[in-house]
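User: Hey, got a minute to go through this model with me? I'd like to start with some helix packing and then jump around a bit.

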Amino acid sequence: MIGISLVLLSGMIAQWLSWRWGIPAIVGMTIIGLMIGPGMNWIQPDQLFGNLLDPIISLAVAVILFEGSLSLDRKEIFHFKEPVRRMYTLVPLISWVLTAVIANMVVGLSWVTAFVIGGLFIVTGPTVITPLLKQAKLKARPDKILRWEGIIVDPMGALAALLALQIGLAASGVTDSAELGFFFLGALAALVLGIGTGVGISHAFQRNIIPGDMQAPMLFALVIFIFAISDFIMDESGLLAVTAMGVTLTNMGLNADILHNIRHFKENISTLFISAVFVLLTASLTRAELIELWDIRIIGFVLLMMLIVRPLSVWIGLAKTEVTLSEKTLIGWIAPRGIVAMTVSGYFQTILVEAGFTDAERLLPMTLALVFITVAIHGYTLTPLAKRLKLTQ
């Protein structure tokens, strides 16, 4: 009980100190997690939660992602739909290929492992980008573009990595091609499940079948259930289901009071979950893993991701759109990775190593290095750069 309460309290203290001292909240949570975890050994999440650790983190991420998807109202991007569309179609595709090439040439990973990690690293995610955007107070267009990208691409990253894994295993003769068909059926089932639930619950709310004081708790329970059912059908598809559910719900023309009530409840829960999950993940690291992050090839990979892959993907993807030069510069620089990349990488590492791809043992250290370096650097540079480019409100 003391351990669990310490995780929750530490996360919120990190949020408060970050606000008080004017530092990025993500940086504060990372420091606190490292301090109470590998630093002082006050918390050992693996021992504290045992086999429940991964399900708890996964369910928390599902709620966080759903809360973010509730803010994706099509009306707010009416005047710049094309750049937003490209940010979750063309830009991730370019980034996927470039990341795989660099992972193969710089780190020496096989092409199968390289394309799996390339798919995984297209994510930015609401767990890291949302706190940064709240502090930076960007103008509408760059704010919405970064927010929509973070939420929509998050489940796409896990599915892209899963697709690369299935193709790689089939091409290597480890599995048969029927697994690919199952992948597409699983993704379709997740979409149908999410959209169908969103439509159904919207009608239930509009017709007062569910009273106002039960709507937010009912939705909370449904999100967890839909995520679990979708993941049961196919691993890593739950995030797609809850994202589709949230986007559907917020674009169904719900009464403004109903939406406000739901969003207020979800935002409070999401803030608590983001804090707790980040503290848990950073506290779970060992000192040996922290030392391994400083491998010269891994650092080189991260720098190339930040200085070449992200800017090039954005500049090519947003070519011939109304996005200005300064906006492309900012968007091309900001791409912090977060909880989804950290939680999902362990799953893919295990599957690949068991299939005989021993180079996949570098997947987790590469993920940790990318997450920590991008969170720290982008966390500290977003607001100053935005001000320099005159993109703040």
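User: Which hand does the crossing of α11 and α12 have?

Analyst: Right-handed, for α11 crossing α12. Keep in mind that this is a predicted model.

User: Sure. And what's the angle between α11 and α12?

Analyst: About 140 degrees, and the axes of α11 (residues 212–233) and α12 are 7 Å apart. The cut-off for roughly antiparallel is over 145 degrees, so α11 and α12 count as oblique to each other.

User: Which residues of α11 and α12 meet?

Analyst: On the α11 side you have Leu219, Leu222, Val223, Ile226, Phe227, Ser230 and Asp231. On the α12 side it's Gly238, Leu239, Ala241, Val242, Met245 and Leu249. Sorted by class, the α11 and α12 contact has ten nonpolar residues, two polar and one charged.

User: Val242 caught my eye. Is valine 242 buried or exposed?

Analyst: Buried, with a relative accessible area of 0% for valine 242. Valine 242 sits in helix α12, which runs over residues 238–250.

User: What does valine 242 touch, leaving aside neighbours within four places in sequence?

Analyst: Ala62, Phe66, Ser69, Val223 and Phe227. Val223 and Phe227 are also on the α11 list from a moment ago.

User: How far is valine 242 from isoleucine 32?

Analyst: Their C-alpha atoms are separated by 30 Å, with the two positions 210 residues apart along the chain.

User: Back to α12. How does α9 pack on α12, by angle and axis distance?

Analyst: The angle between α9 and α12 is about 155 degrees, and their axes are 9 Å apart. That angle makes α9 roughly antiparallel to α12. As for the hand, α9 passes α12 in a left-handed crossing.

User: And what makes the contact there?

Analyst: From α9, Ile151, Ile152, Pro155 and Leu159; from α12, Leu239, Leu240, Thr243 and Val247. The class split for α9 with α12 is seven nonpolar, one polar and no charged. Leu239 of α12 turns up in the contact with α11 too.

User: OK, which angle do α7 and α9 cross at?

Analyst: Roughly 165 degrees, and the axes of α7 and α9 (residues 140–171) come within 7 Å. With that angle α7 is roughly antiparallel to α9, and α7 passes α9 in a right-handed crossing.

User: Which residues make the contact of α7 with α9?

Analyst: Val112, Phe115, Val116, Gly119 and Leu120 from α7, against Gly157, Ala160, Ala161, Ala164, Leu165 and Gly168 from α9. By class, α7 with α9 comes to eight nonpolar, three polar and no charged residues.

User: Where is threonine 113, and what does it touch?

Analyst: Threonine 113 is in helix α7, residues 111–120. Not counting residues up to four places away in sequence, threonine 113 touches Leu352, Phe357, Asp359 and Ala360.

User: Threonine 113, buried or exposed?

Analyst: Buried: the relative accessible area of threonine 113 is 1%, and the limit for calling a residue buried is under 20%.

User: Switching to backbone. Which residues other than glycine have a positive phi?

Analyst: Two to look at are asparagine 41, with phi near 60 degrees, and glutamate 236, with phi near 70 degrees. For context, most residues other than glycine have a negative phi.

User: Where do asparagine 41 and glutamate 236 lie?

Analyst: Asparagine 41 is in the loop between α2 (25–39) and α3 (45–49), while glutamate 236 is in the loop between α11 and α12.

User: How about burial, is glutamate 236 buried or exposed?

Analyst: Glutamate 236 counts as buried at 15% relative accessibility. Asparagine 41 is partly exposed, with 46% relative accessible area.

User: Zooming out, how many helices and strands are there in the protein chain?

Analyst: There are 18 helices and zero strands. Of the 393 residues, 54% count as buried.

User: What radius of gyration does the protein chain have?

Analyst: 20 Å, which agrees with the value near 21 Å for a compact globule of 393 residues. Along the principal axes, the C-alpha atoms fill a box of roughly 55 × 55 × 50 Å.

User: Last one: what share of contacts between residues at least 6 apart in sequence join residues at least 24 apart?

Analyst: That share is 81% in the protein chain.

Key
Residues numbered from 1 in each chain as written. Predicted model: local features only at pLDDT ≥ 70, side-chain atom pairs only at ≥ 80, totals over all residues. Heavy atoms only, no water. Helix = DSSP H or I, 4+ residues; strand = E, 2+ residues; numbered from the N terminus. Buried < 20%, exposed > 50% of the residue type's maximum accessible area, 1.4 Å probe, protein only. Contact = heavy atoms within 4.5 Å. Axes fitted to C-alpha atoms, helices over the stretch in contact; angles between N-to-C directions. Parallel < 35°, antiparallel > 145°, perpendicular 65-115°, else oblique. Left-handed = near helix turned anticlockwise from the far one by under 90°. Nonpolar A, V, L, I, M, F, W, Y, C, P; charged D, E, K, R; others polar. Rg over C-alpha atoms; globule rule 2.2 N^0.38 Å.
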